[in-house]
Number of protein chains: 2
Amino acid sequence: MPPDPLIVFTPSGRRGRFPPGTPVLRAARELGVDIDSVCGGRGICGRCQVALSEGEFAKHGIASLDEHLSPFSEVEAAYARRKPLASGRRLSCAARMLGDLVIDVPPESQVHRQLVRKPVEAVAIELDPAVRLHYVEVREPELAAPASDLRRLLEALEAEWQLAGLTCDLHVMQTLQESLRKGGWKVTVAVHDECELVAIWPGFRDKAYGVAVDVGSTTIAAHLCELASGEVVAAVGMMNPQIRFGEDLMSRVSYIMMHPGSEAELTAAVRGAINDLAAQAAREAGIDRADILEASFVGNPIMQHLLLGINPVELGGAPFALACDGALTLRAAELGLAFHPGARAFVLPSIAGHVGADAAGVLLAERPDLSDEITVLVDVGTNAEIILGNRARLIACSSPTGPAFEGAQISCGQRAAPGAIERVRIDPATLEPRVKVIGCELWSDDAGFAAATRATGVSGICGSGIIEALAEMFLAGILRKDGVIDGGLAARSPRVHADGPTFAYLLYDGARAVRITQNDVRAIQLAKAALHAGIRLLMDRMGTAHVDRIRLAGAFGSHIDVKYATVLGMLPDCDLARVSSAGNAAGTGARIALLDRRARGEIERLVRGVEKVETAVAPRFQEHFVDAMAIPHSHAAYPHLARVVKLPEARPQEANGRRSRSARRRTALPAK
Amino acid sequence: MPPDPLIVFTPSGRRGRFPPGTPVLRAARELGVDIDSVCGGRGICGRCQVALSEGEFAKHGIASLDEHLSPFSEVEAAYARRKPLASGRRLSCAARMLGDLVIDVPPESQVHRQLVRKPVEAVAIELDPAVRLHYVEVREPELAAPASDLRRLLEALEAEWQLAGLTCDLHVMQTLQESLRKGGWKVTVAVHDECELVAIWPGFRDKAYGVAVDVGSTTIAAHLCELASGEVVAAVGMMNPQIRFGEDLMSRVSYIMMHPGSEAELTAAVRGAINDLAAQAAREAGIDRADILEASFVGNPIMQHLLLGINPVELGGAPFALACDGALTLRAAELGLAFHPGARAFVLPSIAGHVGADAAGVLLAERPDLSDEITVLVDVGTNAEIILGNRARLIACSSPTGPAFEGAQISCGQRAAPGAIERVRIDPATLEPRVKVIGCELWSDDAGFAAATRATGVSGICGSGIIEALAEMFLAGILRKDGVIDGGLAARSPRVHADGPTFAYLLYDGARAVRITQNDVRAIQLAKAALHAGIRLLMDRMGTAHVDRIRLAGAFGSHIDVKYATVLGMLPDCDLARVSSAGNAAGTGARIALLDRRARGEIERLVRGVEKVETAVAPRFQEHFVDAMAIPHSHAAYPHLARVVKLPEARPQEANGRRSRSARRRTALPAK
């Protein structure tokens, strides 16, 4: 008797012999080949598509011929009438082995495929959603065998899907009988994490949705995804309505301290906003909010506590004790979220009182632990959350940068919005500036600038604009290394003018004059010194004098010109080509956690392994902070920068040691 | 060096050597001796009391002397000032080993002790509540070590109580920080099933409560228990308010069928009643309803479905498909129960569409599977739920007795209430009756009966009374074997009189005459035939012609005189001393499940092993039913009964075969 036909699956390379007539899907299942299916091999879902690899004789030692596969069947024809089936594609549940075969499983037919992300250096998202759909046919009830509807459903799920020992949500039990009868004993169920039956629908259904939410103190952003494909079907955002209780985090905590019980209002505000956002995203995607089966959340610790309904007052002062810091899997309904009644919510873990689930999200998106290179991850907000490390070790801290980088505490500062100055160039010879504003592609000295900005005007300067302004002022010699605006230049240019006992620089002279004052410089110096000192502190702990890569997460990081940030000494020296924006990395982390349940375990493990450094009690932090107040320009400290930017010459009276000692005496540290 | 002192614990017999100065509790822990503690050895809870066994030299080979135990300590004295400490009792956490010891652990100091039940033949309840309290001291938060409050609490629970990997309810996270700070970092937590943190309180607390609920279609009964001692601290009951939707189960299901959506009202009614009952029980026990941490539920399948919020219409007709039949552990809040937010609800499993969690409760209370004897368990309601079996095998069915046993369908029938006839004697010579009514100890021919019953009068006859009346009528010859009231006796006594085409018997001639009509006899015949046929069917399946014990559960079973029930042929022949009431066995089963979490696994396992017989499709059921219509009196069939009761002679014209054939033709089976 000849041996049974051989089947080889690519790309896995798994192979085995099966009797003629065996469906390709069954062979795949037995060999552990990853092929998707929702309908369980009934030719309904079309998820199990494969293609015949002909002419693979040389590579696999067998001839894989067209006639070795059963002819296109009625099941496949019926499917192809409903949905397009690409040429050469077969449904592996319907196609049967007749002879030796090499079968290719395309990526979209694999459950655990990779979702490639746009930025080339970011890691790909592995798809392994916690919620999966399964179509089953359930035995009808019989008088003589009184097993309950649920028991027979569970038996079917075990027999068809090898899902044993499932628990069942109460709301599923409540709708189970109706679904079974409406669907003619055919239903689709959603199973969470291979252990909980969380939803049931009559008949066949093949789309399950989840939402990844980044709960920022200023904005809340949500990505609605189809879970099996990972596709983002809607991306929406809105202002955090908690802003009415306080512009920044600490003022919201103060509000709660002054109005005991008001934490419930802030919780209701954020939950309401998430419900609204989810409804908006669902509308855009043409689904219902109640179709959402999964949610994942990142946010700083105060946002996370308020989302969870936990009073955040302990985070308002030392020792900044978190109520909880581990990753949480909850029912979305417990968070007041009007998703599917069986929806689960995954909240990413927090690292420390000021390094929250948002930082965990950045970590998950960037995975510095997968490389030997020393990476710095920076997420700038009211505090800068900093993570430094590599495969061997990860260290994190939060540094009290204050809100200056967001345009607050700056005389002409404003949020990044149309009309805000975001780009600055200053001619070192004439000290004349030119600027660009958000919403206009022209420079201020281009013809037509005034007309192009008539609607918004030039209203102020945003966080990234102020960094450029100061760096250009420094490069033009207007700003001294110690941060003092050089009043001596008032003789050379009217742009430099007295402003009380100090001097100011007139950056834009329009309907509203935009000036950089000495106080503005001081505010940025304090902020950038805090950021730099935080990074230095972690470098000390790591025992390294250099870093290989710097990734700037969040809105500020997306808009800043890294060259200017380095000129000002916000960041340590690094190959400028390796300093880049990580985009909304926290939100990406939430999306990864949404789509890949293995990542949930990974991030919990990673976060627990992160060493936390508390800047407030680290003795060297103050030293680094004071040293970082000045604007550095030594070629020795910034060799990479010096190759790109012509740094001003050091003047003898600004010797480093003296300045930093006096700065230490004069400069109050910003309150945490 | 001499060996370390030896310690022997009784009654476990565990022994080991420990260095001098070792606290007795620590030695017990290391040896795995079962000693209770809530405070973790801090001398607060007093649960770990032990006594020194002196003079145990001979038995254990060591001298256990007073001076071998450390002197009464300040910790113990402080405890004794707060609560009485019996003479000779020591706190094992404070008493230390100084020499060889025999230490007796009294039952009340054991976690897993037995709770002895009153009826001698019932099994004892093993105490092993799912919820346990643990007092812990938690490390204060530190800036330099940013573990969250929850993390440090979990660490303390693992270190002090070996509870690893606990999950935590969201509401606990929400109150955690306040509890820790109010309690000065000392809190008591409740842990469910050694895996879930479900409650937290500041400081020390040593009482946890649970409620066992029997959800009957007529009445709902609740036992509030202190979980660690098993003590019933309040027992309350009330009418099921669903009665306004229908007197019996099937009329409620009909109501729902006729008023779609009304199932929510019935669910709200039963949940509201349970909340009210729990509040009443809590008041009686001097606690708050929100102190209830556990609940267990039994009830017939329709009550169970309505409690769970599941529409029971599928149970209104064949094939009587249950939505779910397994044991369930839910959050009490999911059932709308306003207990502690962390309270869990355990719902006992169901056996089949008509053999519900109430039958499972009876099974758990009676445990026929622990004996070789063949036991019959009968719970009479609208249906009789019957379980028959022993160690080898358990078989169950539900038999459609209808409501006659509850006094319905009987011309003068009424619920068991004051004024209802419950005892009957008829003089065979004169055919004169005497009766007793509920609420009066006198017989109707006793002097003073009229005066004693003036308040209630003699208002009708209850279920157990009708059984006695019919049996006495039979023994007096008024009722023939075929159930016909013998009109020929009208000549002998005016008590027997024509009633349309048939005859009736005047049982009581007062303000309201209480008569037994031919229709009443027929209704009881149908009911008792159904019950008897159900038992016979199970005996057939079991392959047995006899049973060793019969236990009658529920209110009917508590009041019935088993001799008369046997005379009428409700039950098969059995030693009358072995036929007894099991009381509210379903409720007892709920209480066992409340107090012993191992019993929860046991009952799930037991129930799944029960063979279900569906009377409606069992061919022999109808045959048994028709045969059981007659009133049996053969000495051969009822040898045990014949020893106790003088059965009337068989008359030739009533030969068994002929009657049962004709009965088969004439008797309609009661609709299920």
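**Close-up views of a predicted two-chain model**

**View 1. A buried aspartate without a salt bridge.** Asp379(A) is buried yet forms no salt bridge, and the nearest side chain of opposite charge, that of Arg551(A), is 12 Å away. Please keep in mind that this is a predicted model. Asp379(A) belongs to strand 18 of chain A, which covers residues 375-380. Who surrounds this aspartate? Setting aside neighbours within four places in sequence, Asp379(A) is in contact with Val362(A), Ala384(A), Glu385(A), Ala553(A) and Gly554(A).

**View 2. An exposed aspartate in a loop of chain B.** Here we move to Asp372(B), which sits in the loop between helix 9 (357-366) and strand 18 (375-380) of chain B. Is Asp372(B) buried or exposed? Its relative accessibility is 56%, and because exposed means over 50%, Asp372(B) counts as exposed. Leaving out neighbours within four places in sequence, Asp372(B) is in contact with Asn390(B) and Arg391(B). Arg391(B) is 19 residues away along the chain, while the C-alpha atoms of Asp372(B) and Arg391(B) are separated by 5.4 Å.

**View 3. The rotation axis and the meeting of the two copies.** A turn of 180° with a shift of 0.1 Å along the axis lays chain A on chain B with an RMSD of 0.1 Å. The two copies are therefore related as by a two-fold rotation axis. Which residue of chain A comes closest to the rotation axis? That is Glu334(A), whose C-alpha lies at 5.6 Å from the axis. Of the interface residues of chain A, 100% are also interface residues in chain B, so the copies meet through the same surface.

**View 4. Chain A as the setting for the close-ups.** Stepping back, chain A has 19 helices and 29 strands. Along the principal axes, its C-alpha atoms fill a box of roughly 100 × 65 × 55 Å. Of the 672 residues in chain A, 58% are buried. How do contacts in chain A span the sequence? Among those between residues at least 6 apart in sequence, 66% join residues at least 24 apart.

**View 5. Surface and charges of chain A.** Chain A exposes about 25,800 Å², and carbon and sulfur atoms supply 52% of that area. Chain A carries 74 positive and 79 negative charges, and the mean positions of these two sets are 3 Å apart.

Technical notes: Residues are numbered from 1 along each chain as its sequence is written. Chains are lettered from A and ligands numbered from 1 in the order in which they are written. This is a predicted model: local features need pLDDT of at least 70, side-chain atom pairs count only at pLDDT 80 or more; totals for chains, interfaces and linings use all residues. Side-chain values use heavy atoms; hydrogens and water are left out. Helices (H or I, at least four residues) and strands (E, at least two) are DSSP runs, numbered from the N terminus. Buried means under 20% relative accessible area, exposed over 50%, partly exposed in between (1.4 Å probe, protein chains only). Contact means heavy atoms within 4.5 Å. Accessible areas come from the Shrake-Rupley method with a 1.4 Å probe; for residues, only the protein chains shown count as cover. Lys and Arg count as positive and Asp and Glu as negative; His and the chain ends are not counted. The place of a charge is taken as NZ of Lys, CZ of Arg, CG of Asp or CD of Glu. Copies are superposed by least squares on the C-alpha atoms of residues with pLDDT of at least 70 in both. A salt bridge is a side-chain nitrogen of Lys or Arg within 4 Å of a carboxyl oxygen of Asp or Glu.
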